[in-house]
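This report describes a structure with its sequence. It moves from one strand pair to domains, the chain contact, the cores and single residues.

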Amino acid sequence: MTDLEAWRARATAWCESMVAEFGKAARKGLSVEEDLALGRRYQRAKFDAGFAGINWPTEYGGQGLGHIEKISFEAEEMKHGFPNVYFGISLGMPVPVLMQFGSDRAFVKERVVKALKGEEIWCQLFSEPSGGTDLAGLRTRAEPDGNGWKINGQKVWTSWAQYSDYGVIVVRTDPTVPKHKGLTYFWVDMKAPGVTVRPIRLAGGDSHVNEVFFDDVKIGDDHRMSPVGGGFAVAMTTLMIERYVATDSAGFGPHLDLFVELAKEVKLNGRPAIEDGRIRQQIARNHAMRAGLDSINMRARLMMQAGMTPGPEGSLNKLIAVRSRQKLSELALDLKGTGAFAFDEHASPKDDWASSWINAPTGRIAGGSDETLLNTIAERILGLPQDHRPDKGIPFNQIPA
Amino acid sequence: MSILYDEGQQAIATESRRALEARVSKDDLLPLLDARGQYHAGFWTMAKEQGWTALALPEAFGGLALGLVELGLIAHQAGRTLSGAPFLTSSFGAAKAIELYGSEDQKARWLPGLASGQTIGAIAFASGPDALPAKPSVTWRAGQVTGTVPGVSGGLFADVAIILAQDGGTPALLVVDLAGVERRAVDSFDNSRCIADLLFADASAEALVTADAAFAAALHILALQAVVTAHEQTGGAEALMEIARDYAVTRKAFGQPIGAFQSIKHRIAELYGLVELARANAIHAAAREGKDDFITAAAAARLSATEAYDTAARDCVQIHGGIGVTWEIGLHLHMRRARTLALEQGSSFFWEDVLVDRLAGVSA
């Protein structure tokens with residue numbers, strides 16, 4: 001057994017040993033607050049067992065291992081529906097960026113370890129009402145204030161802000177230069193005076209995203225994590241960090257096996273639906289598509305193991321998997337007919353077709369919309385030109401509103 | 001388990017690409033469309049010289065004892081250049097049938113010639129929409145076959161064919177010497193495939209597999225060929241994606257490259273997705289040869305590759321506008337080849353059924 005196989009076996013065994021306390025059955029019927037409390041205990045158990053911060057440096061409480069060990073653990077963890085969703089953003093983006101760019105290292109270390117233990121949560125304050133895809137068009141501003149800064153404006157779609165202790169934020173510090181050049185990156189205390197968090201209820205019924213208002217929020221210059229005007233580059237490093245996360249060819253919806261089972265149970269025109277050509281074609285097409293994504297993901301892992309950088313085709317997973325999950329979920333509801341009306345708002349999108357369907361649009365928009373991902377593929381991978389951008393090179397305060 | 005190509009495999013890809021790009025051009029291929037019964041002789045000569053015909057066959061019979069992964073690499077490059085002869089796949093399929101199911105005598109008789117390329121093989125299972133007919137139209141009695149197999153790729157020049165026949169309802173997989181067998185050339189939209197109806201009239205045939213096992217054996221041969229073809233289709237789709245990209249970067253309209261319009265750039269980005277899925281599935285399937293899930297992997301590879309190549313052919317022409325539909329630019333060569341390869345080795349309907357039967361646990 002290789003070291004990696006041994007690692008994976010240990011991860012498998014540990015995850016299985018956690019099912020009784022933290023698995024789907026244990027979470028059933030809990031309020032969000034109760035589930036979050038359970039999640040904090042789960043995160044602590046992960047930390048104690050050496051599965052938190054797997055690819056982070058040991059001096060920050062991590063395990064000092066590689067991306068491949070992290071992804072292997074995540075693939076095991078994903079099978080069980082543990083309450084880890086509250087820490088996904090926190091540990092995925094803001095905390096690694098803090099670790100890389102935070103100036104007060106003692107403070108950074110304390111925050112990182114508490115975040116790894118699930119004691120503190122960080123959010124990422126990027127999108128605004130005026131634009132999410134067009135990040136550099138943001139309007140929240142920070143003005144010099146004594147030795148520090150004063151923030152005014154509004155962020156939106158901020159995941160888990162209502163439970164967050166801290167956040168990282170990109171704001172405009174200079175409106176007189178072109179939009180990418182006037183941004184600066186800071187961290188903020190979410191409990192500071194002037195910060196107001198208001199949850200937004202989404203179509204599926206849950207409220208994990210928020211509006212966040214900043215009214216004369218004062219921060220010291222030691223909160224700054226980029227050069228003044230250099231915030232966009234730090235925001236972009238997030239994309240590199242995200243490259244090494246476990247992917248799911250089911251688009252974080254139900255596995256195709258569940259669809260096949262449904263098609264065997266349901267009858268169409270008096271015959272099992274699995275014998276119906278329309279259903280068979282969809283099963284075959286979805287299987288081929290998911291198998292392709294699985295092979296791409298596997299190849300990326302093998303490349304990482306061999307010390308190589310995975311190819312850009314890994315960026316296809318979210319685009320292809322989530323939108324096809326949306327259609328397959330519609331089809332599953334079609335198969336159930338009027339039997340599909342019964343709806344449980346708290347069911348998991350991983351194993352409930354209605355939940356998967358109603359929440360799928362969020363997946364196609366958050367973290368890069370389908371259209372943005374297609375642009376990225378076209379421009380970064382294939383070398384096609386950028387769209388026409390009338391605001392290019394124009395000082396931000398002269399762009400027509 | 002997927003694989004990463006090793007250095008030797010990467011060298012095969014590089015070398016075959018170099019050779020094919022130097023020696024196969026659109027100018028050679030266009031005239032073949034107007035001629036019935038001609039294939040790209042230069043390609044076939046090269047396939048023999050480079051040892052591509054011998055690649056995946058055993059050393060004992062003059063082969064190089066490499067496998068589906070390596071042959072797939074060649075097929076991918078052949079697909080990129082629309083390389084002209086269908087025998088790379090059909091001779092391989094025929095040779096594998098004899099290697100896997102034939103007697104020592106049969107192997108000694110046919111494999112050395114198939115490995116050197118002196119002998120050309122064909123696979124003749126399909127009848128119209130049936131890739132593997134449950135009741136083959138050819139009858140086999142007392143060592144002789146009678147009946148017609150329509151639309152056999154490479155059939156016009158094949159020396160030996162592997163066919164499905166029946167003896168009073170009992171199926172059999174047979175090897176038939178085609179010397180003296182009548183062939184009726186089919187004028188097709190992709191004439192260099194050298195498609196012919198094979199008309200058997202008391203032709204001598206020898207059994208490879210009899211009874212129901214004949215179907216499983218035939219499916220296995222079809223799956224091996226499908227994986228080679230999936231690589232070829234992926235290569236074609238990849239080339240079209242690049243052609244579309246290059247055109248979109250240079251062609252201007254309304255004062256900018258047309259590739260700056262999202263309707264164009266997104267179309268090409270979608271092609272990238274289809275090509276990468278097809279590539280991943282093809283490589284995976286090639287690496288699964290000999291494993292329990294080989295047929296499933298081959299079916300997935302076949303479905304993604306067909307979708308990728310057909311879509312790329314459609315969209316690449318569309319992106320070119322008027323110039324795309326001219327004879328001279330030759331994009332129709334890819335349109336034709338995409339459809340031909342979609343029909344050879346079983347249509348998408350066939351592979352969808354094969355796949356779903358396995359996913360649903362209907363068949364082993």
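In β4(B), which residue is the bridge partner of A124(B)? The bridge partner is I163(B). The model is a predicted one, and every value below is computed from it.

**A strand pair in chain B**

A124(B) belongs to strand β1 of chain B, residues 121-124, which is covered on both faces. On one side G121(B) and I123(B) are buried, and on the other A122(B) and A124(B) are buried. The partner strand, β4 of chain B, runs over residues 160-167, and β1(B) pairs with β4(B) in the parallel sense over four bridges. The bridge partner I163(B) is also listed among the residues with the most contacts inside the largest nonpolar core.

**Domains of chain B**

The domain assignment divides chain B into domain 1 (7-116), domain 2 (121-211) and domain 3 (216-359). Between the C-alpha centres of domain 1 of chain B and domain 3 of chain B the separation is 20 Å. Contact between these two domains involves 21 residues of domain 1 of chain B and 23 residues of domain 3 of chain B. On the domain 1 side, the helices α2 (26-34), α4 (68-80) and α5 (87-101) of chain B each supply at least two residues. The largest share of that side, 10 residues, comes from α4(B). By class, the domain 1 side has 11 nonpolar, seven polar and three charged residues.

**Chain A and its contact with chain B**

Chain A has 13 helices and nine strands. A compact globule of 401 residues would have a radius of gyration near 21 Å, and the 22 Å of chain A agrees with that. Along its principal axes the C-alpha trace of chain A spans about 75 × 50 × 45 Å. Of the 401 residues in chain A, 40% are buried. Among contacts in chain A with a separation of 6 or more, 69% join residues 24 or more positions apart.

The contact between the chains takes 36 residues from chain A and 31 residues from chain B. On the chain A side, α9 (256-265), α10 (277-305), α11 (316-336) and α13 (370-381) of chain A each supply at least two residues. The largest share of that side, 16 residues, comes from α10(A). By class, the side of chain A that touches chain B has 22 nonpolar, eight polar and six charged residues.

The table sets out the class make-up of the two contact sides described above.

| Side | Nonpolar | Polar | Charged |
|---|---|---|---|
| Domain 1 of chain B, touching domain 3 of chain B | 11 residues | seven residues | three residues |
| Chain A, touching chain B | 22 residues | eight residues | six residues |

**Nonpolar cores**

In soluble globular proteins, nonpolar side chains tend to be buried together. Here the largest nonpolar core has 169 residues, and those with the most contacts inside it are I163(B), L173(B), L174(B), V227(B) and I268(B). Helix α7 of chain B, residues 213-250, gives the largest share of this core, 19 residues. Leaving aside neighbours within four places in sequence, I268(B) is in contact with residues of chain A, namely A378(A), L382(A) and L384(A). The other contacts of I268(B) on that basis are M241(B), A244(B), R245(B) and A248(B). Apart from the largest core lies another core, of 47 residues, among them I54(A), V97(A), V112(A) and L183(A).

**Single residues**

Where does L135(A) lie? L135(A) is in the loop between β1 (122-125) and β2 (141-145) of chain A. It counts as partly exposed because 17 other C-beta atoms lie within 10 Å, whereas a buried residue would need 20 or more. Beyond its neighbours within four places in sequence, L135(A) is in contact with F126(A) and A235(A). The C-alpha atoms of L135(A) and H180(A) are separated by 8.8 Å, with the two residues 45 residues apart along the chain.

Two residues of chain B other than glycine have a positive phi. For D202(B), in strand β7 of chain B (residues 196-210), phi is near 55 degrees. For A211(B), in the loop between β7 and α7 of chain B, phi is near 65 degrees. Is D202(B) buried or exposed? D202(B) counts as exposed because it has 11 C-beta neighbours inside 10 Å. A211(B) likewise counts as exposed, with 11 C-beta neighbours inside 10 Å.

Note on methods: Residues are numbered from 1 along each chain as its sequence is written. Chains are lettered from A and ligands numbered from 1 in the order in which they are written. This is a predicted model: local features need pLDDT of at least 70, side-chain atom pairs count only at pLDDT 80 or more; totals for chains, interfaces and linings use all residues. The radius of gyration is taken over C-alpha atoms; the globule rule is 2.2 Å times the number of residues to the power 0.38. A residue is buried if 20 or more other C-beta atoms lie within 10 Å of its own, exposed if 12 or fewer, and partly exposed in between; C-beta atoms are placed from the backbone. Two residues are in contact if their C-beta atoms, placed from the backbone, lie within 7 Å. Two strands pair if DSSP finds at least two bridges between them. Domain bounds come from an automatic or database domain assignment. Ala, Val, Leu, Ile, Met, Phe, Trp, Tyr, Cys and Pro count as nonpolar, Asp, Glu, Lys and Arg as charged, and the others, Gly among them, as polar. A nonpolar core is a set of buried Ala, Val, Leu, Ile, Met, Phe, Trp, Tyr and Cys residues joined through C-beta atoms within 7 Å.
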